[in-house]
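Reader: I have a model open on my screen and would like to talk it through with someone. Could we go over it together?

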Amino acid sequence: MDKKISKPVKVLAIVAAAITLVLLNLIIFAAPHYESAHVYSSEPTRLDWFSGYAIDSTNPRTENMTPTIIYYIENDSFQLQDPEKWSKPLFVGNYFSKDISKPELYEDLWYTPDISVEGNNLSIDYSAYNGAGIDCGKALYNVTFTVVEINLSTGYYHEEAAGEIPVEDIEVTDLPAGEYKEYRVTGELLRPEPGEVFELILTIYLPSFFIDGNNETYTMSEICDNCDECDIENIPREYVYFVLKASDAPDIPKITCENSYMCPDAP
């Protein structure tokens, strides 16, 4: 015998379904949306050592993700293009969390590059992170700022670097294990001639050793189990690329990624 559902029961069922749908939408749209600082193509890993973060700056000849500074010769001034783009907070919980292989355990950590140009000084914030598992009393991140001129007919570097921009190293003090601090890196910009385009390469070398609060020294080879010998000998580093160009200079020609060492997806 067929059982008939009464009208009140049908109404209650429809109301319950509607409420469930509303709750599901609230859960979905209430979930935090963030711009991740790192996108992993495979399971993420992190050195059991000091690290840091500035921005995921890519080579300007392959991607349009590099801060660009324009120099106006007529009034001797510098201007950062799209400054609002570089003042947005980036989620770095997938980089600094204790277990970065499990997204559900990411900590709510954020970082803002705060790239700025004031006068002829270029500045960016850098987050130094202590992943060594021991409280740090003192550590040093060596910093270099290299200037290379771009050959506009090919898009590649000229053979010789144009020079170095003086910049101070990052001196880290009193940084507990698992914590990070932001430090300001500043360099004085050179003035391009008409039509010139330069790439500025900020290189931040991770500490090769650090000193704890009891003045005891620890080296990378003693602490970092997942560092290989090549990393220990050459010291891991972070790169940030900038473009500096005269106002009348053309854009940098794009370079195909085929067999190019400058492209992240090159074979």
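Author: Happy to; what follows is a set of questions and answers on this predicted model.

Reader: Let's start with the whole chain. How many helices and strands does the secondary structure come to?

Author: The protein chain has 267 residues, and 41% of them are buried. It exposes about 15,700 Å², with carbon and sulfur atoms supplying 53% of that area. As for secondary structure, the count is four helices and 15 strands.

Reader: Thanks! Among contacts with a separation of 6 or more, what share comes from residues 24 or more positions apart?

Author: The pair Pro89 and Thr112 gives a feel for such contacts: these residues are 23 positions apart in sequence, yet their C-alpha atoms are 4.4 Å apart. For residues 24 or more positions apart, the share of the contacts in question is 72%.

Reader: Now to strand β7. How many of its ten residues are buried?

Author: Strand β7 covers residues 121-130 and is mostly covered. One of its residues is Asp125, which counts as buried because its relative accessible area is 10%, below the 20% cut-off. Over the strand, the number of buried residues is nine.

Reader: I see β7 next to β11 in my viewer. Over how many bridges do β7 and β11 pair, and in which sense?

Author: Strand β11 spans residues 180-188. A good place to begin is Asn121 in β7, whose bridge partner in β11 is Glu188. The pairing of β7 with β11 is antiparallel, and the number of bridges is nine.

Reader: What about β1: which residue in β7 stands opposite Ser51?

Author: Strand β1 takes in residues 50-53. This strand and β7 pair in the antiparallel sense, with four bridges between them. Opposite Ser51, you will find Tyr129.

Reader: And the hairpin of β6 and β7: which residue there takes a positive phi near 65°?

Author: Strand β6 (residues 116-118) pairs with β7 in the antiparallel sense over three bridges, and Glu118 stands opposite Asn121. Two residues lie between the strands of this hairpin. The one with the positive phi near 65° is Gly119.

Reader: Which residue other than glycine has a positive phi near 50°?

Author: Most residues other than glycine have a negative phi. One that departs from this lies in strand β10, residues 170-175. This residue is exposed because its relative accessible area is 56%, over the 50% cut-off. The residue with phi near 50° is Asp174.

Reader: Asn215 caught my eye too. What is its phi, roughly?

Author: Asn215 sits in the loop between β13 (209-211) and β14 (217-219). It counts as exposed because its relative accessibility is 62%. Although Asn215 is not a glycine, its phi is positive, at about 65°.

Reader: In β13, how far apart in space are the C-alpha atoms of Ile211 and Asp174?

Author: Ile211 belongs to strand β13. Its contacts, leaving aside neighbours within four places in sequence, are Cys136, Gly137, Lys138, Glu216 and Thr217. Ile211 and Asp174 are 37 residues apart in sequence, and the distance from C-alpha to C-alpha is 9.8 Å.

Reader: Is Thr68 buried or exposed?

Author: Thr68 is in strand β2, residues 68-72. Beyond residues up to four places away in sequence, Thr68 touches Gln79, Leu80, Gln81, Val243 and Lys245. Its relative accessible area is 14%, which is under the 20% cut-off, so Thr68 is buried.

Reader: And which residues does Pro89 contact, apart from its neighbours within four places in sequence?

Author: Pro89 lies in the loop between β3 (77-80) and β4 (90-91). With a relative accessible area of 45%, Pro89 is partly exposed. Its contacts are Trp110, Tyr111 and Thr112.

Reader: On to charges. How far apart in sequence are the parts that the pair Asp76 and Arg191 ties together?

Author: The side chains of Asp76 and Arg191 meet in a salt bridge, 2.7 Å from N to O. Asp76 lies in the loop between β2 and β3, and Arg191 in the loop between β11 and β12 (197-205), so the parts they tie together are separated in sequence by 115 residues.

Reader: Last one: what is the N to O distance in the salt bridge of Asp125 and Arg184?

Author: Asp125 in β7 and Arg184 in β11 are 59 residues apart. Asp125 is buried, at 10% relative accessible area, whereas Arg184 is partly exposed at 39%. Their side chains meet in a salt bridge with an N to O distance of 2.9 Å.

How values were computed:
Residues numbered from 1 in each chain as written. Predicted model: local features only at pLDDT ≥ 70, side-chain atom pairs only at ≥ 80, totals over all residues. Heavy atoms only, no water. Buried < 20%, exposed > 50% of the residue type's maximum accessible area, 1.4 Å probe, protein only. Pairing = 2+ DSSP bridges. Contact = heavy atoms within 4.5 Å. Areas by Shrake-Rupley, 256 points an atom, 1.4 Å probe, with all protein chains shown as cover. Salt bridge = Lys/Arg side-chain N within 4 Å of Asp/Glu carboxyl O.
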